[in-house]
Amino acid sequence: MSITLRIKNEIKNLSKTEIKVANYILDNLEEVKTITSSDLAKKIGVGQSTIIKFIKKIDIKGFTEFKISLGEELAKASSTPSYLYGDITLNDSMEDIAKKLSYNSINAISETLDNLNFHQLDIAIDYLHKARKIVILGVGASSLVAKDFFYKLSKIGKMAFHDFDPHVQLTHTTTLNKDDLVVAISHGGESKEVILGVEKAKEHGATTISITNIGNNPVSDNSDINLYSIAYEDLFRSSAISSRMAQLSLIDILFIGIVQKEYQNSTASIKESRDLISKLKKV
């Protein structure tokens, strides 16, 4: 994962002093890649130990490794067309907007794949394969992803449930048992409805799988299995474009994993569903 993305994803978990360090680094990337940790501390007005602690918080072993990684990241960025970086502005042409949006989506999917824990993925697929009932939680943009997963699971004969109304979602969690599964989808991992649903599912002994952005958050902290869809959304969250694409990529991987385990039954169910729908298209 890139240095800038690590910092942006971790910023909500930092102290006020560490946020000061994070903001300075993000605003002065070119300068920071050549500076010593002691000089950086002086410029920001913090202790050198704060710099070292900050580096470790973004999961980098030392300041030297941090500078090398940052240098490589900046070198890569400078060799890429400038329209692929920066925010979309009011003056951008539609061509620029299309390219920027495409890049953001591709980058989110790529980052998600690069940081995917395949051991956790295999465990998640096994639970989905064996579950008696699957309740999918998600609100807002994540609810669209949850509904997509619900449709996919339904097509292969899985007893899955999702509703756009979060109250209905929560109702389903009260009927779960140890043979059941909850998939909790939340980019920030802080949606109250999803947190409450995960907690209730665990009370009933159900297994919980979270799909959240990387980093500590209430949804992943309370789930048994954690999968991360990596995307940085700005203040307006770009209508959750990047995060939604990252979540959908994970959903597709999970779905194909289940189909692989249940190939004969799954393909037969998909074909029967397709044949039934095709009758509506005949004159």
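The legends below describe an overall view and several close-ups of a predicted protein model.

**Figure 1. Overall view of the predicted model, with 14 helices and 5 strands.** The C-alpha atoms fill a box of roughly 70 × 45 × 30 Å along the principal axes. The protein has 283 residues, and 42% of them count as buried. Among contacts with a separation of 6 or more, 66% are between residues 24 or more positions apart. The accessible surface comes to about 15,200 Å². Carbon and sulfur atoms contribute 54% of that surface.

**Figure 2. Charged side chains across the protein.** There are 35 positive and 35 negative side chains. The centres of the two sets lie 3 Å apart. The structure holds 14 salt bridges. Among them are the pairs K33 and E30, E95 and K99, and E203 and K200, each of which has a legend below.

**Figure 3. Nonpolar surface patch made by L113, F118 and I253.** The area of the patch is about 270 Å². F118 belongs to helix α8, which covers residues 118-130. With a relative accessible area of 46%, F118 is partly exposed. L113 lies within the range of helix α7, residues 94-114. I253, the remaining member of the patch, is also a contact partner of I125, the subject of the next view.

**Figure 4. Surroundings of I125 in helix α8.** I125 has a relative accessible area of 8% and is therefore classed as buried, the cut-off being under 20%. Outside its neighbours within four places in sequence, I125 is in contact with I253, L254, G257, I258 and K261. Q260 is 135 residues from I125 in sequence, while their C-alpha atoms are 9.8 Å apart in space. F118 is in helix α8 too, but F118 is partly exposed at 46%, whereas I125 is buried.

**Figure 5. Salt bridge between K33 and E30.** The side chains of K33 and E30 meet at 3.0 Å, taken from N to O. K33 has a relative accessible area of 30% and is partly exposed. E30 is partly exposed as well, with a value of 49%. The value for E30 falls short of the exposed class because that class requires over 50%.

**Figure 6. Salt bridge between E95 and K99 in helix α7.** The N to O distance between the two side chains is 2.8 Å. Helix α7 covers residues 94-114, and E95 and K99 are 4 residues apart in it, so about one helical turn separates them. E95 is exposed, with a relative accessible area of 51%. K99 counts as partly exposed, at 30% relative accessibility.

**Figure 7. Salt bridge between E203 and K200 in helix α11.** The side chains meet at 3.0 Å, N to O. Helix α11 covers residues 192-203. E203 and K200 are 3 residues apart in this helix and are therefore separated by about one helical turn. E203 counts as exposed at 59% relative accessibility, and K200 as partly exposed at 28%. Elsewhere in the structure, salt bridges that share partners join D126, K130 and K261 into one network. One member of that network, K261, is also in contact with I125.

**Figure 8. Backbone at D59, a residue with positive phi.** The phi angle of D59 is about 65°, although D59 is not a glycine. D59 lies in the loop between α5 (48-57) and α6 (63-78). The relative accessibility of D59 is 63%, which means that D59 counts as exposed, the cut-off being over 50%.

**Figure 9. I97 in helix α7, with T208 as a distant reference point.** At 17% relative accessibility, I97 counts as buried. The C-alpha atoms of I97 and T208 are separated by 38 Å. Along the chain, I97 and T208 are 111 residues apart. Helix α7 also holds E95 and K99; E95 is exposed at 51%, whereas I97 is buried.

Methods
Residues are numbered from 1 along each chain as its sequence is written. This is a predicted model: local features need pLDDT of at least 70, side-chain atom pairs count only at pLDDT 80 or more; totals for chains, interfaces and linings use all residues. Side-chain values use heavy atoms; hydrogens and water are left out. Helices (H or I, at least four residues) and strands (E, at least two) are DSSP runs, numbered from the N terminus. Buried means under 20% relative accessible area, exposed over 50%, partly exposed in between (1.4 Å probe, protein chains only). Contact means heavy atoms within 4.5 Å. Accessible areas come from the Shrake-Rupley method with a 1.4 Å probe; for residues, only the protein chains shown count as cover. Lys and Arg count as positive and Asp and Glu as negative; His and the chain ends are not counted. The place of a charge is taken as NZ of Lys, CZ of Arg, CG of Asp or CD of Glu. Patches are made of residues with over 30% relative accessible area and no salt bridge: like charges are joined within 9 Å, nonpolar side chains (Val, Leu, Ile, Met, Phe, Trp, Tyr) within 5 Å. A salt bridge is a side-chain nitrogen of Lys or Arg within 4 Å of a carboxyl oxygen of Asp or Glu.
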